[in-house]
Amino acid sequence: MQRVRDQRGVVFPSPVTILSILAVAMAGVAWVATRHHEPTERLVTPAAHQSPSAHHSTYVAPKVHRKPQKPAFDRSKVVVEVFNNSTVSGLAGRVAARAAHLGWQVVGSDNWYGTIPASTVYYPPRLTKAGHQLALDLGIHRTMPSVSPMRLDRLTVILTGPLAAH
């Protein structure tokens, strides 16, 4: 008598399938845990763009003669790195040359790999004012505190496209 084989049985998933399911679950948990955080980005707007007529006031402040204040930093002593995060070839080199021409101490330019939403100047805590000034000098409207793997002794510029000419 010959035994008839049936199609019933138990199939165990492979380790690759189990690991894939775990990775997707962990990514979902990480996304849920981080999606409600407010961004810490700031919009830098030069004072020259603000219109005095926007206030509809005829009051003119009296002119006060003050000594010009020394800047809080010396551009030539602030180290700057410029990175290209766009498809525009040579962009970081051109912007680095422009920053150097303006007096900043540019130490290099290269490509940046990652996702940056807009051209940004990243600054460590002790270089906050310099970071905002560099953004104004280059026409970049986004500044943010430095993040890893950025170095904390310099300003980091990451470009996502061509800048408006000054």
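1. Tyrosine 123 is a good place to start: in this predicted model, its bridge partner in strand 5 is proline 145. That bridge belongs to the pairing of strand 4 with strand 5 (residues 142-145), which runs in the parallel sense over three bridges.

2. Strand 4 has another partner as well. Strand 4 and strand 6 (residues 155-159) pair over three bridges in the antiparallel sense. Here threonine 120 has isoleucine 158 of strand 6 as its bridge partner.

3. Now look at the side chains of strand 4 (residues 120-123). Thr120 and Tyr122 point one way, while Val121 and Tyr123 point the other way, and all of them are buried. As background, side chains in a regular strand alternate between the two faces of the sheet.

4. How are strand 4 and strand 5 linked into a β-α-β unit? Helix 3 (residues 128-138) joins the two strands in that unit, and the unit is right-handed.

5. Helix 3 also meets helix 2 (residues 91-101): the two axes come within 11 Å and cross at roughly 110°. Angles of 65 to 115 degrees count as roughly perpendicular, so that is how helix 2 and helix 3 stand to each other. Their crossing is right-handed. On the helix 2 side the contact involves Val95, Arg98 and Ala99, and on the helix 3 side Leu134, Asp137 and Leu138.

6. One last spot worth a look is the loop between strand 5 and strand 6, where proline 149 sits. The peptide bond joining serine 148 to proline 149 is cis, with omega at about 10°. For context, most peptide bonds are trans.

Terms used:
Residues are numbered from 1 along each chain as its sequence is written. This is a predicted model: local features need pLDDT of at least 70, side-chain atom pairs count only at pLDDT 80 or more; totals for chains, interfaces and linings use all residues. Side-chain values use heavy atoms; hydrogens and water are left out. Buried means under 20% relative accessible area, exposed over 50%, partly exposed in between (1.4 Å probe, protein chains only). Helices (H or I, at least four residues) and strands (E, at least two) are DSSP runs, numbered from the N terminus. Two strands pair if DSSP finds at least two bridges between them. A crossover is right-handed if, with the strands pointing away from the viewer, the path from the first strand over the helix to the second runs clockwise. Axes are lines fitted to C-alpha atoms, for helices over the stretch in contact, and angles run from 0 to 180 degrees between N-to-C directions. Angles under 35 degrees count as roughly parallel, over 145 as roughly antiparallel, 65 to 115 as roughly perpendicular and the rest as oblique. A crossing is left-handed if the near helix is turned anticlockwise from the far one by less than a right angle, and right-handed if clockwise. Contact means heavy atoms within 4.5 Å.
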